[in-house]
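Below is a short report on one protein model. It covers one helix residue, a surface patch and the overall make-up.

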Amino acid sequence: MVESSFIEILIKNFSDDKLYVKIYLLLLLFFFIIVVLNFLKDIVEFFFAKHSLKRKLVNKEEKLKNLRKKYLDGKINAREYKLNTARILNSLK
């Protein structure tokens, strides 16, 4: 009996009090913060996409130069050179 009346009192206070409104507003604020941060992240990625692509291409070029040097020095054979070249050119990193 005491438990049911306590639950009823709790429900009544929760529905009459402005606390639930504050909680919902806080949740809404967190949602908008997440949306805005995601939007800003997308904008930054859009503006730095060219820079990122250039950096990736420069890294690939350096790897290919090092691989060619190893091949010309005789450290790797033609088959390894071909496989590693294809792997570097097809990689996304």
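## Helix residue and surface patch

T85 sits in helix 4, which spans residues 78-90; helices (H or I, at least four residues) and strands (E, at least two) are DSSP runs, numbered from the N terminus. The model is predicted: local features need pLDDT of at least 70, side-chain atom pairs count only at pLDDT 80 or more, and totals for chains, interfaces and linings use all residues. Residues are numbered from 1 along each chain as its sequence is written, and side-chain values use heavy atoms, with hydrogens and water left out.

Two residues are placed by accessibility, where buried means under 20% relative accessible area, exposed over 50%, and partly exposed in between (1.4 Å probe, protein chains only).

| Residue | Element | Relative accessible area | Class |
|---|---|---|---|
| T85 | helix 4 (residues 78-90) | 17% | buried |
| Y24 | helix 2 (residues 19-47) | 54% | exposed |

Leaving aside residues up to four places away in sequence, T85 touches L64 and L67; contact means heavy atoms within 4.5 Å.

Y24 belongs to a nonpolar surface patch that also includes L19, I23, L26 and F30, and the patch has about 1200 Å² of accessible area together. Patches are made of residues with over 30% relative accessible area and no salt bridge (a side-chain nitrogen of Lys or Arg within 4 Å of a carboxyl oxygen of Asp or Glu). Nonpolar side chains (Val, Leu, Ile, Met, Phe, Trp, Tyr) are joined within 5 Å, like charges within 9 Å.

The protein has four helices and zero strands. Of its 93 residues, 5% are buried. About 9000 Å² is exposed, with 67% supplied by carbon and sulfur atoms; accessible areas come from the Shrake-Rupley method with a 1.4 Å probe, and for residues only the protein chains shown count as cover.
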